[in-house]
Each structure stands twice: as C-alpha cells, then as structure tokens.
Amino acid sequence: MANSRSFGRSVLIVGLGRFGASMALNLESLGTNVLAIDKRADLVQDYSGKLTHVVEADATNIEALNQVGASSFDVAVVGVGTSIEASVLITANLVDLAGPVIWAKAISVAHGKILERIGAHHVVFPEKDAGQRVAHLVNGRLLDYIEFDDGWAIVKMHPPREIQGFSLGESDIRTKYGVTVVGVKSPGRDFTYAEPETVVSSHDTLIVSGHTELIERFSNRP
C-alpha cells in the first residue's frame, strides 16, 4: 500500500465489524485503495478473500499504526464501536500521527463529542442516521433522503397532485413552499435539470432540495 497515493485516494479502515467491513467492501468496489485492519484474527481471515489488503493489527497501539503506514493514508475510518475506550484511543493515535483525515463512528452523542474534542475531523452516527433516513422514507412519498448537518436535505420524491400537469414556473414551488426542484426524471427519459418551462406529470420523479421541515411539508402535500 506504500504506493497507493500514485493511484488515487487511499483509505485505512480500522475495525472489521459490520460498519467497517461494509465501508471497506464498498470503497474497493468504487476503485479506492483500501487497507483494512482488525485485531481479531478470525475477522481478518474471513475478509482476506474479499478484500485486497487486510492486516491483523491492534490500532490502540500507535506502533502498530506506524507499522502499517497509517500516516501515509489520505483518510482513516475508525469503525470500532463496541468499545468506546478503544475507539477514543485509536482516534487519538491517528490524531497524533497527523496524517489522514479522520472519520470516526460514534454510538452516542457523548461518544461523538469526545471524538470531536480529541481531533476527529468527521463523526458519524450510523444507527441514528439510518433510523432518521428510514423514518422519512416510511413517513411519506419520499423515495430517497439525504440530510446534511445544517438542517438542509436533498430528496427524491413523487410530485404532489397539485403541481401535476403544470410547469414549474406556473407552480411557483420555491415561493409557495420554500424548496427548490433541482431536476425531473420522466419514465424512459434521461434526468433533466429543472427549468421554469418543465412540465411535471404524475409519473415523474423530482429531485428537491431545501430545509428539512419545508421538504417534509412539501412532500406530504396530497
């Protein structure tokens, strides 16, 4: 992995639990150079045939991180969640190496605050985020939902009945509802960016952006 930078972004995954393993497998499928490490020999063995680079190492020991060249990676993902102590120590070790951008998994708000204070660049809450996303999908006509830190979201949704058969200019969605239709996907046609003259049909799919509360209000229109 020493020459991984010459081929693009390199990512170190620490922990081969469900979160870390899923990250590693998906990143590799996207062509990213990945090294996954875990202190459990059985997990390393399980994924040795699924991932290109897997190493048994205890990342709570900074020397182990030095041995795998952790400081040379562009990004490090701390996927350890079962032990808060281990998660914090691993994150602190990576901060001390002053190399990669650190993404760390948290299992509670308090855990997340600690990770942020010791220097993690990004803290994620997989279970919480997944629960919020699924709740939005179950609750209305949303087909997909991505929420950002500042209360802003972008969604894929079916159009409310009141705008069907009208152009976006005629519906004046931004003024009435405070959200923006970014694009429209009609069955059998390519995605097109929204224009005032774009006419929305009942079979279309909309890509809409805006504040989460306003999007919810708009998506729940009949």
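Which residue in E11 does Val155 stand opposite? Val155 faces Val208 of that strand. The model described here is predicted. Its chain holds nine helices and eleven strands, and 41% of the 222 residues count as buried. Among the contacts in the chain with a separation of 6 or more, 55% involve residues 24 or more positions apart. The points below begin with a five-stranded open sheet and the helix that lies across part of it, and then turn to side-chain pairs and one loop residue.

**The five-stranded sheet**

- Five strands form an open sheet in the order E7-E8-E11-E9-E10, and their pairing is antiparallel.
- Strand E7 (142-147) and strand E10 (192-193) are the edge strands, each pairing on one side only.
- Strands of a sheet pair through backbone hydrogen bonds, in either a parallel or an antiparallel manner.
- E7 and E8 run antiparallel and are joined by five bridges.
- On the other pairing of E8, six bridges connect strand E8 (residues 152-157) with strand E11 (residues 205-211), again in antiparallel fashion.

**Strand E8 and its residues**

- Val155 has a partner in each of two strands: Tyr145 stands opposite Val155 in E8, and Val155 in turn stands opposite Val208 in E11.
- Lys156 has Ile207 as its bridge partner in E11.
- In a regular strand the side chains alternate between the two faces of the sheet.
- The covered face of E8 carries Ala153, Val155 and Met157.
- The uncovered face of E8 carries Trp152, Ile154 and Lys156.
- Val155 therefore belongs to the covered face and Lys156 to the uncovered one, as the two sets of residues in E8 are divided.

**Helix H9 across the sheet**

- Helix H9 (residues 212-219) lies across E7, E8 and E11.
- The helix runs at about 145 degrees to E11.

**Aromatic pairs**

- Two aromatic pairs are present in the structure.
- Tyr177 and Phe218 make a tilted pair, because their planes stand at 45 degrees, with the ring centres 5.1 Å apart.
- This pair links distant parts of the chain, since Tyr177 belongs to helix H8 (residues 173-177) and Phe218 to helix H9, 41 residues apart.
- Both rings belong to buried residues: Tyr177 has a relative accessible area of 15%, and Phe218 has a relative accessibility of 1%.
- Phe191 and Tyr193 form an edge-to-face pair, because their planes stand at 80 degrees, with the ring centres 5.3 Å apart.
- Phe191 counts as partly exposed at 38% relative accessibility, whereas Tyr193 is exposed at 61%.

**A charge over a ring**

- Lys50 lies over the face of Tyr47, at 4.9 Å from the ring centre.

**Salt bridges**

- The structure holds two salt bridges.
- In one of them, the side chains of Arg40 and Asp42 meet with an N to O distance of 2.6 Å.
- Arg40 is partly exposed, with a relative accessible area of 44%, and Asp42 is also partly exposed, at 40%.
- Arg221 and Glu162 form a salt bridge in which the closest N and O atoms are 3.0 Å apart.
- Arg221 lies in the segment after H9 and Glu162 in the loop between E8 and helix H7 (168-171), so this pair ties together parts that are 59 residues apart in sequence.
- Arg221 counts as partly exposed at 32% relative accessibility, and Glu162 counts as partly exposed at 32%.

**Thr32 in a loop**

- Thr32 is found in the loop between helix H1 (18-29) and strand E2 (33-38).
- Although placed in a loop, Thr32 is buried, with a relative accessible area of 18%.
- Apart from its neighbours within four places in sequence, Thr32 is in contact with Arg9, Val11 and Leu27.

Definitions and conventions. Residues are numbered from 1 along each chain as its sequence is written. This is a predicted model: local features need pLDDT of at least 70, side-chain atom pairs count only at pLDDT 80 or more; totals for chains, interfaces and linings use all residues. Side-chain values use heavy atoms; hydrogens and water are left out. Two strands pair if DSSP finds at least two bridges between them. Helices (H or I, at least four residues) and strands (E, at least two) are DSSP runs, numbered from the N terminus. Contact means heavy atoms within 4.5 Å. Axes are lines fitted to C-alpha atoms, for helices over the stretch in contact, and angles run from 0 to 180 degrees between N-to-C directions. Rings of Phe, Tyr and Trp (its six-membered ring) pair if their centres lie within 6.5 Å; planes under 30 degrees apart count as stacked, over 60 as edge-to-face and the rest as tilted. Buried means under 20% relative accessible area, exposed over 50%, partly exposed in between (1.4 Å probe, protein chains only). A charge sits over a ring if NZ of Lys or CZ of Arg is within 6 Å of the ring centre and within 35 degrees of the ring normal. A salt bridge is a side-chain nitrogen of Lys or Arg within 4 Å of a carboxyl oxygen of Asp or Glu.
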